[in-house]
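Q: Could you walk me through this structure and tell me how each label was earned?
A: Happily; here it is.

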Amino acid sequence: MSVAFTFPGQGSQAVGMGKDLAEAFPEARAVFAEVDEALGQKLSDIMFEGPEEALTLTANAQPALMAVSIAVMRVLEARGLSLTDQVSYVAGHSLGEYSALCAAGTFSLSDTARLLRIRGNAMQSAVPVGEGAMAAIIGLEQADVEAICKEASTGGSCQIANDNGGGQLVISGSKPAVEVAARLATEKGAKRALMLSVSAPFHSALMGPAADAMREALAGVAAKAPVVPLIANVRAAPVSDPQEIVRLLVEQVTGQVRWRETVEWFARNDVTTLYEVGSGKVLTGLARRIDKSVTGISINTPADIDSALAALIG
């Protein structure tokens, strides 16, 4: 019976996130100040006050979400939480994998902020606007969606980007191919095939230039073994070797986020509680849909922090 900490990905951002933490805790203020300094930008102002269009930009949303997650971690740790003593594993959804690794000591906070700024810019610029697309396919089995992607790929790149569980798969690639795949999915009985309002085809082969940029960026950053194992997105299995972690982070840019399999791995390995550390409750909702034996609990407000500490260290 053990606990894992999970860290949210893009889409969990909201104007005002982290503001209550900054007002309540000096440790949170210190995190936001360090991220601002690392980026040479008052990102915290955009997080707290908006505008929403600025926060939603990939290059801002990625380090901003990480900052909130690490602010929560620093507050927990200042009040007695030890990751090595109370938590067995960490995992994060896409960019959340960087938050997880920062929390577990693989990367410094400043390096993580800079890596995510590079990642956000590289993912945004990898494909000209309008040439890529993503779609959510609801109500089909993974094998069926894989077959649909293969059929649609005659018109360009198309692949599964995220397996979020609960019958929801996200596909990504060139816009004509994704549109064909969405139509095929509907014809083959999908409950819904919904084109997503995203700025780039994330986690697809078209992100190759961004993978190259991350390979170069990660080569210039010190990486330590995490204090608890990471369940990696592209493997849905634990990894602790820093060189392997870096390799998988590069692979993750063009590879599939295997979140359903990650939660199922936790359930098989006696993890009973997944704490979602940071903004929003997306991963908490996904955990509930994927495996009822796993409890999801979000930690993103001062009250959440008090409840988590009471449960984890008494």
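Q: What does it take for a residue to be called buried?
A: Buried means under 20% relative accessible area, exposed means over 50%, and partly exposed is what lies in between (1.4 Å probe, protein chains only). This is a predicted model, in which local features need pLDDT of at least 70 and side-chain atom pairs count only at pLDDT 80 or more, while totals for chains, interfaces and linings use all residues. Residues are numbered from 1 along each chain as its sequence is written, and side-chain values use heavy atoms, with hydrogens and water left out.

Q: Why is Ser94 called buried or exposed?
A: Ser94 has 11% relative accessibility, and the cut-off for buried is under 20%, so Ser94 counts as buried.

Q: Which residues carry the feature "active site"?
A: The unreviewed UniProt entry places that feature at Ser94 and His203. UniProt positions are given in the numbering used here, feature names are shortened, and annotations may be inferred rather than shown by experiment.

Q: How do you know that these residues gather at one spot?
A: They span 110 residues in sequence, yet no two of their C-alpha atoms are more than 8.7 Å apart, so they gather at one spot. Ser94 and His203 are also both in the lining of the largest pocket. On a 1 Å grid over the protein atoms alone, a pocket is an open set of points where a 1.4 Å probe fits, with protein on both sides within 12 Å along at least five of seven lines, and lining residues have an atom within 4 Å of a point.

Q: Where is His203, and what does it touch?
A: His203 lies in the loop between β6 (192-195) and α11 (208-219); helices (H or I, at least four residues) and strands (E, at least two) are DSSP runs, numbered from the N terminus. Contact means heavy atoms within 4.5 Å. Leaving aside neighbours within four places in sequence, the contacts of His203 include Ser94, Arg119 and Asn162.

Q: Why is His203 called buried or exposed?
A: His203 has 3% relative accessibility, so it counts as buried.

Q: What makes the phi of His203 worth a remark?
A: Most residues other than glycine have a negative phi. The phi of His203 is near 55°, a positive value in a residue other than glycine. Ala236 also has a positive phi, of about 55°, and is buried, with a relative accessible area of 7%.

Q: What is the peptide bond from Gly50 to Pro51, cis or trans?
A: That bond is cis, with omega near 5°. Pro51 is in the loop between α3 (43-49) and α4 (52-56).

Q: How is the protein divided?
A: There is domain 1 (2-126 + 206-313) and domain 2 (132-199), with bounds from an automatic or database domain assignment. 14 residues of domain 1 are in contact with 14 residues of domain 2.

Q: What is the area buried between domain 1 and domain 2?
A: About 1100 Å², of which carbon and sulfur atoms give 38%. Buried area is the accessible area (1.4 Å probe) that two parts lose on being put together, summed over both.

Q: What makes the meeting of Asp163 and Arg260 a salt bridge?
A: The rule asks for a side-chain nitrogen of Lys or Arg within 4 Å of a carboxyl oxygen of Asp or Glu. The side chains of Asp163 and Arg260 meet at 2.7 Å, N to O, so the definition is met.
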